[in-house]
Amino acid sequence: HVIHMEIFFTFELNQLDAFNVNKKQIYFLIILVFTGISFCFSQNVDSIEKSLQTSIPDSTKLLSIIQLQKYYSYDNKNKAIQLGFKGLSLADKLKDKKNKAWVLNYIGSTYYYSGMNDSAFYYHSQALDIRLTIDDEKGLGASYNNLGNIYDDQGKSALALNYYLKALSYFEKIEFTNGVGIVYNSLGNLYYTQKKIDLSLYYYQKSLENQLKLNNTLGIIHA
């Protein structure tokens with residue numbers, strides 16, 4: 001997503017990949033302005049959108065649609081959803097279950113960012129069902145984390161914790177360090193809402209340590 005250039009930045013507690021976030025925002029007073037990040041993201045999106053107008057293979061077109069969904073999921077709900085339904089048709093045509101699940105994932109994330117948790121839950125559940133049939137471990141980690149966030153928002157802490165731990169187990173199994181850090185952040189959010197500050201800080205610290213290992217600037221800010 002584009003990071004808006006202001007002295008006070010608002011960041012969702014998440015990284016920029018496949019995972020929606022708990023709607024707890026943290027505010028930072030930052031001197032450094034990331035104008036270059038915004039410019040580069042916008043240029044890349046323009047080139048991807050132009051590529052969809054060319055005669056690229058359908059498999060490449062589907063991946064481009066998924067990238068555009070990811071970009072627009074927070075700032076432009078209508079466009080992201082429109083792209084998502086195009087992606088679903090293309091994935092069905094290609095019989096590509098793995099990428100169909102990612103399309104469903106981003107439709108779910110788009111609804112989540114819009115505060116439409118029932119719709120978000122439906123599409124994230126559809127993605128999870130597909131991922132269970134094809135044993136996509138990275139995708140399963142993403143789905144369980146995303147559904148955990150929805151349960152957390154609904155105050156269903158026990159369910160949220162169960163789903164976060166499932167996500168963590170998949171990411172640890174495939175040694176996906178970034179995903180592990182994201183789940184640590186989700187656990188920090190969960191314990192923060194329960195006012196278990198020591199546990200919350202413990203998981204935020206573990207999330208930060210993961211991002212430092214990856215030298216992930218935006219992840220470090222979010223952690």
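Hi everyone, this is a short walk through one protein chain, from its overall layout to a few single residues. Please keep in mind that we are looking at a predicted model.

Let's begin with the layout. The chain contains two strands and 10 helices. If you follow the sequence, the order is β-β-α-α-α-α-α-α-α-α-α-α. There are 223 residues in the chain, and 50% of them are buried.

So what sits inside? The largest nonpolar core is made of 50 residues. Leu68, Tyr72, Ile107, Tyr144, Val183 and Leu187 are the ones with the most contacts inside this core. Two or more residues each come from α1 (35-51), α2 (58-72), α3 (77-94), α4 (97-113), α5 (117-134), α6 (137-153), α7 (157-173) and α8 (177-193). Which helix gives the largest share? That is α4, with nine residues.

One of those core residues, leucine 68, lets us look at a pair. Lysine 79 is 11 residues away from leucine 68 along the chain, and their C-alpha atoms are 9.1 Å apart. Lysine 79 belongs to helix α3. With a relative accessibility of 28%, lysine 79 counts as partly exposed, because that class runs between the 20% limit for buried and the 50% limit for exposed.

Now to helix α8. Its 17 residues span 25 Å from the first C-alpha to the last, close to the 24 Å expected at 1.5 Å a residue. Is α8 mostly covered or mostly open? Mostly covered: 14 of the 17 residues in α8 are buried. After α8 comes lysine 195, which has a positive phi near 60 degrees.

That brings up the backbone. Most residues other than glycine have a negative phi. Where else, then, can we find positive values? Lysine 95 is one example, with a phi of about 55 degrees even though it is not a glycine. You will find lysine 95 in the loop between α3 and α4, and its relative accessibility of 74% makes it exposed. Glutamate 175 is another non-glycine residue with a positive phi, near 55 degrees. Glutamate 175 sits in the loop between α7 and α8, and at 69% relative accessibility it is exposed too.

Let's finish with helix α9, residues 197-214. Its 18 residues reach 26 Å from first C-alpha to last, close to the 26 Å expected at 1.5 Å a residue. Which residues of α9 are buried? They are Ser200, Tyr203, Tyr204, Ser207, Asn210 and Gln211. These residues lie on the same side of α9, because they cover an arc of only 115 degrees around the axis. Turn to the other side of α9 and you meet the exposed residues Asp198, Leu201, Leu212 and Lys213.

Leucine 201 deserves one more look. Its relative accessibility is 53%, so it counts as exposed. Together with Tyr192 and Ile197, Leu201 makes a nonpolar surface patch of about 310 Å².

To recap, we have seen a chain with 10 helices and two strands, a largest nonpolar core of 50 residues, and a helix α9 with buried residues on one side and exposed ones on the other. Thanks for listening!

Notes
Residues numbered from 1 in each chain as written. Predicted model: local features only at pLDDT ≥ 70, side-chain atom pairs only at ≥ 80, totals over all residues. Heavy atoms only, no water. Patch = residues over 30% accessible without salt bridge, like charges linked within 9 Å, V, L, I, M, F, W, Y side chains within 5 Å. Areas by Shrake-Rupley, 256 points an atom, 1.4 Å probe, with all protein chains shown as cover. Salt bridge = Lys/Arg side-chain N within 4 Å of Asp/Glu carboxyl O. Helix = DSSP H or I, 4+ residues; strand = E, 2+ residues; numbered from the N terminus. Buried < 20%, exposed > 50% of the residue type's maximum accessible area, 1.4 Å probe, protein only. Expected span 1.5 Å × (residues − 1). Arc of directions from axis to C-beta. Core = buried A, V, L, I, M, F, W, Y, C linked by side-chain atoms within 4.5 Å.
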